[in-house]
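Thanks for sharing this one. Here are a few friendly notes on its charged side chains, to read with the structure open.

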Amino acid sequence: MKENMIDVLMYLFEHYYMDEETELSPDRESLHSELVEAGFPPRDINQAFEWLEGLSVEQHQIHAPQTENALRIYSEIECERLETESRGFILFLEQMGILAPDARERVIERVMALDTDDFDLGQLKWVILMVLFNEPGAEAAYAWREDLVFEATPGGFLH
């Protein structure tokens, strides 16, 4: 089974964030052991933990004012990671009022922090959910955001 860091993140999100019956903050060592038992390589687990630490909203505040009519221009390296379909999906979520400019930038930053060469729209949706889930005050709107992000995904979740 070929696993990578995004698979670890998806597993953690499904089992610890979306499952209301699961303890949200198990200690890192026991969580690491559980992930190893689930078949994930320690290297990918450690990378996933580092990625999650970088998800902190306080670390990624946008300092430049954003206007409603601003257009995000992607760098060449961002375009290589985020294909046209993914960039279009981000723009769609912005136009729907789901992604504010600062959340969009956190999504892009977290996508660029992933250690993967093979990134697709399905994985982008997971990153968006993780960013939105960690956005302060977004708990009440999370359910409809989740539905919108996954409405086009047959069978619901991707993992």
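The points below go through the salt bridges and then a charged surface patch.

1. Please keep in mind that this is a predicted model. The count of salt bridges in it comes to 8.

2. A good place to start is Arg72, which pairs with Glu105; their closest N and O atoms are 2.6 Å apart. Arg72 sits in the loop between helix H3 (42-53) and helix H4 (76-81) while Glu105 belongs to helix H6, so this salt bridge ties together parts that are 33 residues apart in sequence. Arg72 is buried because its relative accessibility, 18%, falls under 20%. Glu105, at 21%, is partly exposed.

3. That pair does not stand alone: Arg72, Glu78, Glu94, Arg104 and Glu105 are linked in a network of salt bridges.

4. Have a look at helix H6 too, where Asp102 and Arg106 lie 4 residues apart, about one turn of the helix. They form a salt bridge with 3.5 Å between the closest N and O atoms. Arg106 is buried, with a relative accessible area of 3%, whereas Asp102 is partly exposed at 26%.

5. Another salt bridge joins Glu109 and Arg110, at 2.7 Å from N to O. Here Arg110 is buried at 6% relative accessibility, and Glu109 is partly exposed at 29%.

6. Which residues gather in a patch of negative charge on the surface? They are Glu83, Glu85, Asp117, Asp118 and Asp120. Asp118 is found in the loop between helix H6 (101-112) and helix H7 (121-133). With a relative accessible area of 62%, Asp118 counts as exposed because that value is over 50%.

Methods
Residues numbered from 1 in each chain as written. Predicted model: local features only at pLDDT ≥ 70, side-chain atom pairs only at ≥ 80, totals over all residues. Heavy atoms only, no water. Patch = residues over 30% accessible without salt bridge, like charges linked within 9 Å, V, L, I, M, F, W, Y side chains within 5 Å. Areas by Shrake-Rupley, 256 points an atom, 1.4 Å probe, with all protein chains shown as cover. Salt bridge = Lys/Arg side-chain N within 4 Å of Asp/Glu carboxyl O. Lys, Arg positive; Asp, Glu negative; His and termini not counted. Charge placed at Lys NZ, Arg CZ, Asp CG, Glu CD. Helix = DSSP H or I, 4+ residues; strand = E, 2+ residues; numbered from the N terminus. Buried < 20%, exposed > 50% of the residue type's maximum accessible area, 1.4 Å probe, protein only.
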